Amino acid sequence: MAQQAIELRNVSKKRPNKVIGPLNLQIPQGYVTALVGQNGSGKSTLMNMLIQLTYPEEGEIRWFEEAHPDGLPLTLRQNIAYVPETSMAEENFWTPPEAAAFRRHWYPGWDQPFFEELMNRFEIPRKARLSKMSKGERRKFEIASALAARPQLLLLDEPSSGLDPFAWRTMLDTLRQYMDDTGATVLISTHIVEEVRRLADYIVLMHRGRLLGMTEKDSLFGAWNEVWVNAGSEEELLELTAELPGTLQAKLEAPGVGSFLARHFHRNEKRLQDMGVKVIKSRSLELEEILSLWMEGYHPDKD
Amino acid sequence: MWIPIQINENSAEPLYHQIETQLKSLIISGTIAEGTLLPSIREFAGDLKCSVITVRRVYQDLEVQGLLRTKQGTGTFVSHVGEGAMEEYKRVAVEKALENAVDTALSVQCGEEELNEIFRKIVKDKYGEAK
């Protein structure tokens, strides 16, 4: 596997009413890793730890294969851009050019022509104060200025919330192009399944402060099927599903027709044929459904 | 550029295999001409909604087979497809389709004579149409 951009080893963080962790995770360099999970599952806390806005009580975090317990060195910080879930209030009274001038001071790699190009591409108003902008406009400014710093690592906490569908597509294209040009690493937390489908290489699922796992996105292709078969009775259906590994939710849909969910169905389809069972129809579950099953404890990769 | 690849989510065929087979036939059939610059791995992955890992694997495989070549810093191009490869591809594609047809005939206990007769009739009808 490629070099790691980020590595977490047994990282735990206590919050007033919950514990995040222990987290063990490796984020490979040069890929898009999508962090998904319900509200409050710990995604933002994880992001905050990666930029040292908060520190874990236990465990170790490594950036580009090195730990920095005494604080991230400036040169490393200058290579990380972070788009927080809610924009920092400090920049509220500035216009985009003023805020850009401030950021330019801290990021020596700041690419002003690229920033101008992104301002145009995203149609961000130049004269408005950041606090007076719409949520989507402010978001576009945040994304543009994160990229203009030319970082090696982008931490994006729900970057697309508030974006209209056109700006959203522009954002995806821009991110892709930036990665093509620079080989940068992206960690993006999102609730939008379509964003995962279009952008992610790896998926990390968080649930109630824990990591349920990490998987290559395409390994989820065909992970689960919904299958309809001929079955005379509920007993017959249950007998039949007992013969197949990884089946769930078997039920009689109509007289003579039963349905169930099957993991890696195509590997086991022949067994059904051998039993003389007629498959009426089958469909692959959508990514969203696969993720919900995973949250319920049904890991897509295991048999 | 946009490459007309259609992914069938309900197919038993693995994603990577679907992409490779279709891209290969687009190249060998000449639909994508020699020298064409293919999309970058990340761009193509975005179009197909798959990961760069899958697209990279497909590009690498087709490079090994001599259908693509990568120029450092420029991108991945369609190589010269020899006459031989084209003929070979045609033969394999037709053979495979005929094998499937014969398997179907066997599964419904259709005799050799009968099958030959059906085959000749279809050939006559279809080639007649084509003229």
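**Exercise 1. Determine what share of chain B is buried, and describe the overall form of the chain.**

Step 1. Of the 131 residues of chain B, 19% count as buried; a residue is buried if 20 or more other C-beta atoms lie within 10 Å of its own, exposed if 12 or fewer, and partly exposed in between, with C-beta atoms placed from the backbone. The model is predicted: local features need pLDDT of at least 70 and side-chain atom pairs count only at pLDDT 80 or more, while totals for chains, interfaces and linings use all residues. Residues are numbered from 1 along each chain as its sequence is written, and chains are lettered from A and ligands numbered from 1 in the order in which they are written.

Step 2. Chain B holds 5 helices and 2 strands, where helices (H or I, at least four residues) and strands (E, at least two) are DSSP runs numbered from the N terminus. Their order along the sequence is α-α-α-β-β-α-α. Chain B is more spread out than a compact globule, because its radius of gyration is 19 Å, well over the 14 Å that the globule rule gives for 131 residues. This radius is taken over C-alpha atoms, and the rule is 2.2 Å times the number of residues to the power 0.38.

Step 3. Along the principal axes, the C-alpha atoms of chain B fill a box of roughly 60 × 35 × 25 Å. Of the contacts in chain B with a separation of 6 or more, 54% are between residues 24 or more positions apart; two residues are in contact if their C-beta atoms, placed from the backbone, lie within 7 Å.

**Exercise 2. Give the corresponding description of chain A.**

Step 1. Chain A contains 10 helices and 14 strands.

Step 2. Its C-alpha trace spans about 75 × 40 × 35 Å along the principal axes.

Step 3. Buried residues account for 40% of the 303 residues in chain A. Of the contacts in chain A between residues at least 6 apart in sequence, 70% join residues at least 24 apart.

**Exercise 3. Characterise the packing of α2(B) against α3(B), and state which elements of chain B touch chain A.**

Step 1. The axes of helix α2 (residues 41-48) and helix α3 (residues 52-64) of chain B come within 8 Å and cross at roughly 115°. Axes are lines fitted to C-alpha atoms, for helices over the stretch in contact, and angles run from 0 to 180 degrees between N-to-C directions.

Step 2. On the α2(B) side the contact is made by B:Ile41, B:Arg42, B:Phe44 and B:Ala45, and on the α3(B) side by B:Val52, B:Val55, B:Arg56 and B:Tyr59. These residues divide into 6 nonpolar, no polar and 2 charged; Ala, Val, Leu, Ile, Met, Phe, Trp, Tyr, Cys and Pro count as nonpolar, Asp, Glu, Lys and Arg as charged, and the others, Gly among them, as polar.

Step 3. Between the chains, 14 residues of chain B are in contact with 17 residues of chain A. The elements giving two or more residues to this side of chain B are α2 and α3. The residues of that side divide into 5 nonpolar, 5 polar and 4 charged.

**Exercise 4. Explain which side of helix α10(A) is buried, and what covers its buried residues.**

Step 1. In α10 (residues 287-295) of chain A, the buried residues are A:Leu287, A:Ile290, A:Leu291 and A:Trp294. They lie on the same side of α10(A) because they cover an arc of only 100° around the axis, the arc being that of the directions from the helix axis to the C-beta atoms.

Step 2. The face turned away from the buried side of α10(A) carries the exposed residues A:Glu288 and A:Ser292.

Step 3. The cover over the buried residues of α10(A) includes β3 (32-36), α7 (193-199), β9 (202-207), β10 (210-216) and β11 (224-230) of chain A.

Step 4. A:Leu220 is in the loop between β10 and β11 of chain A, and counts as buried with 20 C-beta neighbours inside 10 Å. Leaving aside neighbours within four places in sequence, A:Leu220 is in contact with A:Thr215, A:Leu287, A:Ile290 and A:Pro300.

**Exercise 5. Locate the residues B:Lys49 and B:Gln109, and compare their phi and exposure.**

Step 1. B:Lys49 is found in the loop between α2 and α3 of chain B. Although not a glycine, B:Lys49 has a positive phi of about 55°, and is partly exposed with 19 other C-beta atoms within 10 Å.

Step 2. B:Gln109 lies in the loop between α4 (83-107) and α5 (112-130) of chain B. Its phi is also positive, near 55°, but B:Gln109 counts as exposed, with 7 C-beta neighbours inside 10 Å.
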